[in-house]
Structure formats: structure tokens, C-alpha cells
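I am opening this notebook to keep track of what I looked up, one topic at a time. The entries go from strands to helices and then to domains.

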Amino acid sequence: MALVEFRQVRKEFIDRNKQPFTAVAGSDFVIQDKEFVVFVGPSGCGKTTSLRMIAGLERQTSGDIIIGDRIVNDLHPKDRDIAMVFQDYALYPHMTIRENLSFGLRNLKKPKEYIEQKVREASAILGLEKMLERKPRELSGGQRQRVALGRAIVRDPQVFLFDEPLSNLDAKLRIQMRVELSELHKRLGATIVYVTHDQVEAMTLGERIVVMNQGVIQQIASPTELYANPKNMFVAGFIGSPPMNFINARVEQGRIVVDGGSFGLPENIAERLSAYSGKEVVLGIRPEDIYGEDFAPGVSTEHRLQAHIQVVEHLGSENLIYFHVGGRMVTAKVHPETKGYTGLAKEFILDLRKCHFFDPATQERITGK
Ligand SMILES: Nc1ncnc2c1ncn2[C@@H]1O[C@H](COP(=O)(O)OP(=O)(O)OP(=O)(O)O)[C@@H](O)[C@H]1O
Ligand SMILES: [Mg+2]
């Protein structure tokens, strides 16, 4: 197994109008040996391109790519010792599962006993032993997905590359495969680079997450760190569901003023915002940090917000309450027994300890440093 490193890796494509288009804008990162790293970001942000450059299927415009202890810039994909699993895991329909699993190794002219052993090991890990003589069409979607993984596992690569491998599965299977992938990672002790646009998948699978937007890496951090300390409004709004609320606010004499309320600020936050006195800021608060009056355990009730509730969604385990503050829609995720009344003014309590403040011009989080 091995680490994967990008040093100032850039990829430009020439678009239809013959203009250069930057798909990846100078990425820098080190993925450690045996680490499970997930690339996440909206469609078109450069995730697949990054992965294809690691695989050698796409040549970077500039910068260096390192796998293990080698610069692999000029190395052919087949010599990079990686295995890639794509979204459309196209198995050979006319071959049995055993043949599908062994195909790559047979192409490499590996000895028969070696191939048999690898297929045996992979199918045991993936629970495919009883299906080896079947054809792909006789398998469920999840089982087929496991065969695709098996084809990668038998190769014993230094690095596994996954590009949205679960997106063709239904929600329930995806969750099951997510768990299986985490287990597989532990068992193989492999370096895995995984691409998805689904932030829940990223949060559950990644030891670290690389958040990308428009070709630019926004932040690289563990799931908890990304959630607690997002670097900017993009990361704050992308990670978490429902996403973080953003409320236009103004700092005035140690107080925060928003439509529907004004709060005295705890000293540490006031300090952080000292350079913004008299200026606009964006207050970010997650839906779960907004409470109804009747269920605000351990939260100071002095930070109140008046709002006209628009819609209440009852999800069983929680209620989502939607209201407007200063022209922006805000969502509160509250205890299901919180009393919410459509169309009526109601006071909400904000847990200001959990708030973030952003600079509206740069969209960066204000850390006060
Ligand atoms: N061969 C190519 N020629 C020109 N432009 C390309 C090429 N491949 C990708 N792009 C462009 O580069 C950008 C990044 O594409 P990429 O496939 O990496 O996105 P992605 O993050 O994987 O998105 P998705 O979630 O939709 O798969 C996109 O704007 C895409 O249109
Ligand atoms: Mg893609």
C-alpha cells in the first residue's frame, strides 16, 4: 500500500470555443498510506478529473503526482499499481462471476493457482462464494457492485480509486454497501480514494474529506472538523443536512442585530468580531442549534429570534420548521414535541455558542486571528 500526493496539480481542458478551461486549479494534498479519503463537491467541480489523473487516465497540465515513493507523471496507468471502480461497473454479461473476477489476472498471465487463490480470497471477503458460477444478470444490484469491488481486490493494488461506485444502487442498498466498504477498508488496510457528490456518503466513509468547488480545494479535514469548523460558507453550506442557515447580520456595539432580534454577544465571540464593528456579517447556524421555547436543554434562552413560521414538516424523530429572517429562509430542526404553529409568530432560541460568522465579501469564516 502507499501514499498518494499531489503537488500543485493543475488540469486544463480546451472547451468547445477553444478556450482553456481549468478543471483542477493547483491541488496540493497528501493522502497517507492506508487512509480512506473522500473527494466531495457539486457536479463538475473536478472530482473525477482528479481521480483520473491519479490513475493516469488523464495527464495533468502541470504539477507532480506521487504514488508511494515514485513520481508517476510519466507512468502508464497499468504500471501505477492502482485499481479503479467506476459508477457503471460494467461486468462482462456473458462471463460467470468467477470469470469476471479473474479476467484481469488472466490478462496479466498470472499462474492458474495464484488466480484461483485470489478469486477465493476476494469472494470470501465479499460473500460471493456461492455465486461464482452465476452470470451477472442473476445477481442483485448490490451483489453486482460487490463483484466490481472484487475485480479490484484480486489485483492487490497499492491504491484503490472509487468513482461514485454506489450511485446506481437504491437508498437502502447504498447504506448497506457503505457499511461493507468501511469494513473492507479495515480488512484490506488499503489506501482508498473515493469520489462522491453525496455529502452523507463522504461524512460516513471518509477518515478525511477533501471538499472541492469549481476546481479548487476548499478544505481538507476530518468529518467532525469540517462540520464544527468549516473554513468558508461553501463548506459550511455543503456539509450537513439540512444545510447550515445563513442570516444577514450587523455587528453593533458588541451586539449582533438581525431581522427579528438582537443579541448581546458572549465575550469570546465579541472579541472575534471586533474588527467588524458597524459592519455586515453573515451569521451561520445549523438547524439543530435552533430550539423552540419548550425544548432548549442547557441552552441560554436569552438569544431569541421572532419569526413567522411558514411550514412545519413532521418527520417523526424531529420536526423541520421553516421561517424567514431578513429575506432568507431559515430551517430549524427541533424536538418533535416542540409546539409549532403555521403562520403564527413564534420565538426561537439560538444557541449562539454554536454560531459561526462569515465575512460577506470573502465568504471566509471569521476566526478573529
Ligand atoms: N475531456 C474533457 N474535455 C473538456 N472538459 C472536460 C473533460 N472532462 C471533464 N471536463 C470538464 O471538467 C470539469 C470537471 O469535470 P469532472 O468530471 O472532474 O467533474 P466531477 O466533479 O466528477 O462531476 P460529477 O459529480 O458530475 O461527476 C467539468 O466542467 C467538465 O465539463
Ligand atoms: Mg465525476
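Entry 1, strand pairing. I began with strand S7 (residues 159-163) and strand S8 (residues 191-196), which pair in the parallel sense over five bridges. To fix the register I looked up Phe160, and found that its bridge partner in S8 is Ile192. I keep in mind throughout that this is a predicted model.

Entry 2, the sheet around that pair. I then followed the pairing outwards and found an open sheet of six strands, which run in the order S6-S7-S8-S3-S9-S10 with mixed pairing. Strand S6 (82-85) and strand S10 (216-221) are the edge strands, each of them pairing on one side only. From one strand to the next I noted a twist that averages 15 degrees. Helix H1 (residues 47-55) packs on this sheet, where it touches strand S3 (36-40), S6, S7, S8 and strand S9 (208-213), and the direction of H1 makes about 150 degrees with that of S7.

Entry 3, H2 against H3. For helix H2 (residues 97-107) and helix H3 (residues 112-126) I noted axes that come within 10 Å and cross at roughly 135 degrees. Angles over 145 degrees would count as roughly antiparallel, and H2 and H3 are therefore oblique to each other. H2 passes H3 in a right-handed crossing. On the H2 side I listed Arg98, Leu101, Ser102, Leu105 and Arg106, which meet Tyr114, Ile115, Lys118, Val119 and Ser123 in H3. Sorted by character, the residues of this contact of H2 with H3 are five nonpolar, two polar and three charged.

Entry 4, H2 against H4. How do the axes of H2 and helix H4 (residues 141-153) cross? They come within 8 Å and cross at roughly 30 degrees; angles under 35 degrees count as roughly parallel, so H2 and H4 are described as roughly parallel to each other. The crossing of H2 and H4 is right-handed. I wrote down Ile97, Asn100 and Leu101 of H2 together with Val147, Gly150 and Arg151 of H4 as the residues that make the contact. The residues of the contact of H2 with H4 divide into three nonpolar, two polar and one charged. Going back over both lists, I see Leu101 of H2 in the contact with H3 and also in the contact with H4.

Entry 5, domains. Last, I looked up the domain assignment of the protein chain, which gives domain 1 (4-238) and domain 2 (245-358). The C-alpha centres of domain 1 and domain 2 lie 39 Å apart, and the contact takes eight residues from domain 1 and six residues from domain 2.

Technical notes:
Residues are numbered from 1 along each chain as its sequence is written. Chains are lettered from A and ligands numbered from 1 in the order in which they are written. This is a predicted model: local features need pLDDT of at least 70, side-chain atom pairs count only at pLDDT 80 or more; totals for chains, interfaces and linings use all residues. Side-chain values use heavy atoms; hydrogens and water are left out. Axes are lines fitted to C-alpha atoms, for helices over the stretch in contact, and angles run from 0 to 180 degrees between N-to-C directions. Angles under 35 degrees count as roughly parallel, over 145 as roughly antiparallel, 65 to 115 as roughly perpendicular and the rest as oblique. A crossing is left-handed if the near helix is turned anticlockwise from the far one by less than a right angle, and right-handed if clockwise. Contact means heavy atoms within 4.5 Å. Ala, Val, Leu, Ile, Met, Phe, Trp, Tyr, Cys and Pro count as nonpolar, Asp, Glu, Lys and Arg as charged, and the others, Gly among them, as polar. Two strands pair if DSSP finds at least two bridges between them. Domain bounds come from an automatic or database domain assignment.
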